[in-house]
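User: Please take a close look at a single helix in this structure. Tell me what packs around it, and then how its surroundings fit into the whole assembly.

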Number of protein chains: 2
Amino acid sequence: MKLYSSSCGIELDFSNACAGRIGYAGGITEDDLNSVRQKAQAAHSAVEKVRAEGTLGFLKLPYTDPKLVQEIKHLAADIERNYSDFVVLGIGGSALGNIAVHSALNHPFYNNVPGESHPRLFVLDNVDPEYISAVMDMLPLEKTCFNVITKSGTTAETMSQFLLFRQLIIDRLGYDAFKKQVVATTDPSSGVLRKIANDEGLRTLPIPPDVGGRFSVLTAVGLLSAAVTGINISDLLEGARLMDEECRKPEMTENPAVMNAVVQYIMDTIKMRPMAVMMPYVQSLRDFADWFRQLLAESIGKKFDRDGNVVHVGTTPIKALGATDQHSQIQLYMEGPEDKFITFLGVKKYRTDLTIPAAYTEIEKLSFLANKTFSRLIHAEQQATSEALANNGRPNCTITLDEISAKSIGALLYLFEYQIAIAGELYNINAFDQPGVEEGKILTYQKMTC
Amino acid sequence: MKLYSSSCGIELDFSNACAGRIGYAGGITEDDLNSVRQKAQAAHSAVEKVRAEGTLGFLKLPYTDPKLVQEIKHLAADIERNYSDFVVLGIGGSALGNIAVHSALNHPFYNNVPGESHPRLFVLDNVDPEYISAVMDMLPLEKTCFNVITKSGTTAETMSQFLLFRQLIIDRLGYDAFKKQVVATTDPSSGVLRKIANDEGLRTLPIPPDVGGRFSVLTAVGLLSAAVTGINISDLLEGARLMDEECRKPEMTENPAVMNAVVQYIMDTIKMRPMAVMMPYVQSLRDFADWFRQLLAESIGKKFDRDGNVVHVGTTPIKALGATDQHSQIQLYMEGPEDKFITFLGVKKYRTDLTIPAAYTEIEKLSFLANKTFSRLIHAEQQATSEALANNGRPNCTITLDEISAKSIGALLYLFEYQIAIAGELYNINAFDQPGVEEGKILTYQKMTC
């Protein structure tokens, strides 16, 4: 079955996940769908109920106050005028969305392609001293704007980086430069970074308190770096708004987010396929898969359900890239254990194309390439991989964008966020916390203080 | 238990995989080890027997003819003198090793860090037209050397790129430029690319016929791009040679490759943990995990065992990065299903370090960072994550390099190659073929020709 949203330009094709196509071991039947239909409807009602109550922040982001959007655009324009480099200090949800949107919509070699007029972008999402030092090698300090992003202000990695660059700027350029060159994106009223920003008089942007890190790409967290690098953030939000329309549809089979959540849920819990591979056949979506990895893993990987039962649920997200990983992972996906469900991401029309010239056409193994386009080759490879898997009973589905644009990327981000909210209901777990990382934080603190 | 090779500077620590530490559900007992001891000894004997027969090429690579090493160095020096850019046209085993070695040993922003004197490196490992076009945007064609790498010469992705750049050079710079600017790395005597190279008079380097793509990083496949970017390839091979000494040891508990293979095998087949996460806490090893992904997935993911039984075996490799993915995957690894075994990669001494300056020390959540180094922070995070997982019965092990150097990277690459050869024996499958990708190739061909 297929589901197409013409407003978003996004198609979901579940044909290769159906029992009629791939057999009963891996394929979904009408009975499977019917067995979760009620649960899915309840899940949708539950999410829409929370929307009505106004307590789930990400649902409001498509309708972000235009004044805030304007404020972000003005700040971005100011940064663009005054700086050659823009550095995001953030990790996890304060980095992955920024990187995903940037990769999808800007030049693959954005930071050094001739003719790029916007500030270079570095997203410093680790505390490896070699890596931080390398970023420092790249920066003309007086021409660099730093965007420190953490809602609480207690993220050790991000705040360490902030302390480092703060001191560096003060030492080399003076205290006023620090105030000018650092923008803080944080909770509007509470938390450590908010206090620091207020005390120091830094420019700030808000992260809504009811939006968790992994759902924050469409807040100022993701929008400022996007705007600084020339992406139309109004289009991103417009795409999310259009997808939100789709996500409001109560009928499961008409709602792409619910349908995708249901299929993933059946694959994990009925078809016993605990691994969810996301495999774009679009180089520019490679980091999108990393963004989704966090969204799925942190939201659904949980020990307790909402009734306090120990359940240890969670699909494991796996990133792959077509056609590249045909030469790395497909052997395993074809012949290994039947424990995966693969989602291909494709695009109907690449933003550019090239033709393979004819040469050595007397060699049969090369002649079939002559005068074909690269887009035909990669499309053929994507379809061939999907079909070969289906022929071997390996379930997969394909999400195809008409084109890669700020609008379609906004829609795609929102599709998966809504899907994960639904998945939380299906698994009956809290999709919006992450209690499992606390122990590591406590142990880190102990090791740093004794 | 721990295993340290002082010659290689590599330690394997299996403490957090032992039942005594983490309990019986996820932990290995003496009985578990004894149950595979005989099999492991037989596996080692089998690999050493093939070594004696001289038919398994990767085992000979640490002892590569110094004349060939000199030839590669001379060619690299010539390229360095004459070109500003070096482009690898290759995919899978003809790209992943190149990228892994480059990331591990060169500057993280090698291609545009001020002061880098070696040619820039691009590894073109996909056929996405947007991506190829983007690489073209970057290249001053007349100053670019192309290294086309495919043993057979029938890899569609690589040969398409070759045809594209061949025509581009001929059209813009003439036929002689094409002959000068393209180096072919391929089978020494047979195959399509060998024939083309001979007919055209291209410069060539050999890929030994008995070395498969995913084991080829220490052949000319990986060595030329390494040498061009300034890496000491003799040190890489020396590291592999030192590790080979360790791998010859017949006693399982003294042999790091056998021991690692045994632990992974027990985790998959006895402890029922089919996912193998590799999580470096060293930013520069992030692409090493991708290289290992191919090695493990293609080698061990198999439908048939060597007796023709349908077995559908294969551990699924998963890449993560510390500390970054603490904010993405650790929630799932801590609380989700008990289906993973995690290998941390660490380093004792980072090549550089930085101190976190003291500021806002009245804020308790920040004061613990003051005047600590970033290496202490990331070390603390790595240990904390490993301990927290162990405290929750989640098995993991840690491989620690004394330092990141060409020697230690050579040793690490070889460690995993030998380990996978042993794993093939333990699973009783052919670790050196990839029959599962044929169907996709045939379907691609059909879609390209009708």
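Analyst: Start with the cover over helix α8 of chain B. The buried residues of α8(B) are covered by elements that include β5 (144-149), β6 (182-186) and β7 (203-206) of chain B. The partner chain takes part as well: α14 (364-367) of chain A is also among the covering elements.

Now the helix itself. In chain B, α8 spans residues 192-200. Its buried residues are Val192(B), Leu193(B), Arg194(B), Ile196(B) and Ala197(B). An α-helix has 3.6 residues a turn, so residues three or four places apart point the same way. Arg194(B) deserves a second glance, as it is listed as buried along with Val192(B) and Leu193(B). Just after the helix comes Gly201(B), with a positive phi of about 75°.

Next, the partner chain. In this predicted model, chain A can be laid on chain B by a turn of 180° and a shift of 0.0 Å along the axis. The RMSD of that fit is 0.0 Å. The two copies are thus related as by a two-fold rotation axis. The interface tells a matching story. Of the interface residues of chain A, 100% are also interface residues in chain B, so the copies meet through the same surface.

Backbone details outside the helix come next. Most residues other than glycine have a negative phi, and most peptide bonds are trans. Chain B holds exceptions to both. Met272(B) is not a glycine, yet has a positive phi of about 55°. Met272(B) sits in the loop between α11 (256-269) and β8 (275-280) of chain B. With 11 C-beta neighbours inside 10 Å, Met272(B) counts as exposed, because the cut-off for exposed is 12 or fewer.

Asn428(B) also has a positive phi, about 60°, without being a glycine. Its place is the loop between α16 (406-427) and α17 (438-449) of chain B. Asn428(B) is partly exposed, with 16 other C-beta atoms within 10 Å.

Finally, the peptide bonds. In chain B, the bond from Gly322(B) to Ala323(B) is cis, with omega near -5°. Ala323(B) lies in the loop between β11 (316-319) and α13 (330-335) of chain B. Chain A has a cis bond too: it joins Gly322(A) and Ala323(A), and omega is about -5°. Ala323(A) is found in the loop between β11 (316-319) and α13 (330-335) of chain A.

Back to the helix, then. The cover of α8(B) draws on chain B and, through α14 (364-367), on chain A.

Notes. Residues are numbered from 1 along each chain as its sequence is written. Chains are lettered from A and ligands numbered from 1 in the order in which they are written. This is a predicted model: local features need pLDDT of at least 70, side-chain atom pairs count only at pLDDT 80 or more; totals for chains, interfaces and linings use all residues. Helices (H or I, at least four residues) and strands (E, at least two) are DSSP runs, numbered from the N terminus. A residue is buried if 20 or more other C-beta atoms lie within 10 Å of its own, exposed if 12 or fewer, and partly exposed in between; C-beta atoms are placed from the backbone. Copies are superposed by least squares on the C-alpha atoms of residues with pLDDT of at least 70 in both. Two residues are in contact if their C-beta atoms, placed from the backbone, lie within 7 Å.
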